[in-house]
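Student: I would like a close look at a single part of this structure, taken slowly and with its surroundings described. Please choose one strand and work outward from there.

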Amino acid sequence: MDINKLLQRLEEADDAYTNGKPIMTDLAYDLLKDKVLKFLPPDHPRIAKVGHAPSSAWPKETHSIFMGSQNKVCTVDAIREWVAKTLKALGVKKTRFILQYKLDGFSLGVDYLNGKLSKAITRGDGTIGENITPNAMMFRRLPTYLVVGKGVSVRGEGLISKENYAKIQAATGDHYKNPRNAASGISRRLDGSHSKYVEVVTYDINAKVQNESDKVKVLEQLGFSVVETFVFEDVQEIVDKYIEVKDKLRPTLPYDIDGLVLKVDSVEQQEKLGIKDNRPEGQVALKFDSDQAITVVLSIALQVGRTGKITPVAILEPVDLMGSTVTKATLHNFAYIEENQIGIGSEVVIEKKGDIIPQVVDVATTGEEYKKPTKCPSCGGPLEDDGTNMWCFNPGCRERETNRIAYWIKVLDMKGFSGKFILKMWDEGKVRSVGDLYKLTTDDFVGIDGLGDKKVKAFFEILKSTSEMYLDKFIVALGIPSVSSGTAEDLVKHFKTWDAILSVTPEDMMKIPGYADTSARAVCSGVRDVRDMAEELLKAIRIKEKKVGALTGKTICITGALTTVGRKEAEKMIVDQGGSFKNSVSRDLDYLVTNDPNSGSGKNAEAKKVNDLAIKAGNPPPIKVISEKDFMALVGTTVEAKAEEKKEKEKKDSGVTLVYNNIFEED
Ligand SMILES: [Zn+2]
């Protein structure tokens, strides 16, 4: 089957249909379309084009009230100035302000008539947007019915959480360049697929209230998800919050934000300040602009990932970004380069968020035409092109295989096994797969530079410590792209053994909540792809039985540091008692461990929100927020005992730890 020919045929059918001269029956057309869709990644750029230009496909609609934009400031001084100017314009010495997260998605206006969702329109140019109501009906956290009979208009932001973004990327072959891009693209997909991953967080409603903060309360009572809102009177507090969110909280949030919005709380004062150039004078966006910069692409390098995916990386003219010099940024995939005509000499906007590597997010000027590679940069083998990404499937590819080994080592936290070490062992011909690590003998180290007896001994100790593990950990370490730790847990919970997991079908997978067709298929084919690797490893690794204990069936998340144990050890204590360790807070979490429930941690805030909502609905709060002391009691020990243990261990380990950390220098 030649997928390109099928695509071409489908496009001919579309053209013919548009011209009023169909060349096939509707049924034949549907079958053909179905086939093409199945063989391309769901977000292949050409799928969106099938049949219709996406931008003209949705009906256009005029907003009842213009959806304006905001003035922006991006320094602390400018924030102070804006506050002073606003107070002066109001003729007051003091007033109340609110700060809200500026969510990084797409703006949406939603109307309800007689309590029923009647219309959802994107911002568009502010006057006219696209009516995407059928998709909006599937968005998460956007009620379709309200208890209010009157006409209700709501404004909010459609977005995709970091967690769901990872799932979508896995299912679509990393098609989207960031969560915002994915949210906006998916919301306008004609077939509505993935719409359920878009969630709507609201901030405005046509309710007659005195304050902006009251609007948020009304929205919440009506069942909407609302934007995080802080109330302040003092400019210093506003500045402090801005800095805290920008430097600390931002990476911990479940979704991306690109700033904060500062508003005068009083609606009357807002009206008094008025609107100038379509921008309300009573509010301003506080941007985190310093994390973007513009620079020139000097060349395009290629990296081969553990799955064989080739990632194009822009080598940049060095530029300052958030206090460090950036010289490269990811270009996402080859479709992105082509769509944006990026090449040597392009001026690109790069962005850095949290700990993730800098990425190209916008293109100011196009560059020299870029020719896609035809051979793997590492092994010289042939590449496969799926339209978005290129892949090297050569099992002997040095970069691909060493990255796979490196991933295993990272997941299992095997200290001292640096990237350099793996490359060295590869080049010596000693290690060609993850399984080979476990076949090494002391003889293999003879004659290798920089390896003394002590280091070799430490090496084998670490290997031994990873020769048995729980099945979910094993699955995560295999590095299957569409399998997160949550997915691994689901697999183990529902199918119990590796053999059973190997024969899971997408249909079985879809019976588990949270897995739709595409993600179920991605998981199953991903599992099959690592079958041989797993088989080889299972000759050396013993899978431990899940323990049954005080925490069986419970999920626990930790925020902030614990005084007596590290995160890894706490995780182990949870697992040893049969519980599951979670990295994020959600409705189904059982315990959140924190020594400071009032800290600014995003997890604390999220837990409070979940519990408050439940209480409001007359239910018991689902998440128990407990201290380190409570936690220790739960797992059958005490803080005092653990503190003593820690002291003893430090004494004993002082020499050994040093050796482990220094087997090889990190890259
Ligand atoms: Zn290769």
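Tutor: What follows starts with one strand and its sheet, and then turns to other parts of the chain for context.

The model is a predicted one, and its confidence deserves a word before any detail is read from it. The mean pLDDT of the protein is 84, with 89% of its residues reaching 70 or more. Two stretches call for caution: over residues 48–56 pLDDT stays under 50, and the model has 10 contacts for them beyond four places in sequence, while residues 653–667 also stay under 50, with 20 such contacts. As for the whole, the secondary structure comes to 26 helices and 26 strands, and buried residues make up 33% of the 667 residues. Among contacts between residues at least 6 apart in sequence, 67% join residues that are at least 24 apart.

The strand I have chosen is E10, which covers residues 257–264; seven of its eight residues are buried, so the strand is largely enclosed by the rest of the structure. E10 belongs to an open sheet of five strands, whose order is E2-E13-E10-E3-E9 and whose pairing is mixed. The edges of that sheet are formed by strand E2 (71–73) and strand E9 (229–232), each of which pairs on one side only. Averaged over the sheet, neighbouring strands are turned by 30 degrees against each other, with direction ignored.

On one side, E10 pairs with strand E3 (residues 97–103) in the antiparallel sense, over seven bridges. A residue pair that fixes the register here is leucine 103, which stands opposite isoleucine 257 in E10. E10 is also joined to strand E13 (residues 283–287), again in an antiparallel arrangement, by five bridges. In that pairing, leucine 262 stands opposite valine 284 in E13. Valine 284 appears again one step further along the sheet, since E13 also holds the bridge partner of asparagine 71, and that partner is valine 284. E2 and E13 are joined by three bridges and run parallel. Following the order of the sheet, then, the path through valine 284 leads from leucine 262 to asparagine 71.

The sheet also has a helix lying across part of it. Helix H9 (residues 212–221) lies across E3, E9 and E10, and runs at about 150 degrees to E9. E10 is thus among the strands crossed by H9, in addition to being paired with E3 and with E13.

For comparison, another sheet may be set beside this one. An open sheet of four strands has the order E24-E23-E25-E26, with parallel pairing. Its edges are strand E24 (580–582) and strand E26 (624–626), each with a single partner strand, so that one side of each is left without a neighbour in the sheet. Here too, neighbouring strands are turned by 30 degrees against each other on average, direction ignored. Strand E23 (residues 555–558) is joined to E24 by three bridges, the two running parallel, and isoleucine 556 stands opposite phenylalanine 581 in E24.

A helix pair gives a further view of burial. The axes of helix H7 (residues 162–172) and helix H21 (residues 517–529) come within 9 Å and cross at roughly 70 degrees; the two helices are therefore roughly perpendicular to each other. Their contact is made by Lys167, Ala170 and Ala171 in H7, which meet Thr518, Ser519 and Ala522 in H21. Sorted by class, this contact has three nonpolar, two polar and one charged residues. H7 is mostly covered, with eight of its 11 residues buried, and what covers these buried residues includes helix H8 (179–187) as well as H21. After H7 comes glycine 173, whose phi is positive, near 70 degrees.

Within H7, alanine 170 can be followed individually. Alanine 170 has 20 other C-beta atoms within 10 Å and is therefore buried. Leaving out residues up to four places away in sequence, alanine 170 touches Pro481, Ser482 and Ala522. Alanine 170 and serine 482 are 312 residues apart in sequence, and yet 4.8 Å apart in space, C-alpha to C-alpha.

Methods: Residues are numbered from 1 along each chain as its sequence is written. This is a predicted model: local features need pLDDT of at least 70, side-chain atom pairs count only at pLDDT 80 or more; totals for chains, interfaces and linings use all residues. A residue is buried if 20 or more other C-beta atoms lie within 10 Å of its own, exposed if 12 or fewer, and partly exposed in between; C-beta atoms are placed from the backbone. Two strands pair if DSSP finds at least two bridges between them. Two residues are in contact if their C-beta atoms, placed from the backbone, lie within 7 Å. Axes are lines fitted to C-alpha atoms, for helices over the stretch in contact, and angles run from 0 to 180 degrees between N-to-C directions. pLDDT is the predictor's confidence in each residue, from 0 to 100. Angles under 35 degrees count as roughly parallel, over 145 as roughly antiparallel, 65 to 115 as roughly perpendicular and the rest as oblique. Ala, Val, Leu, Ile, Met, Phe, Trp, Tyr, Cys and Pro count as nonpolar, Asp, Glu, Lys and Arg as charged, and the others, Gly among them, as polar.
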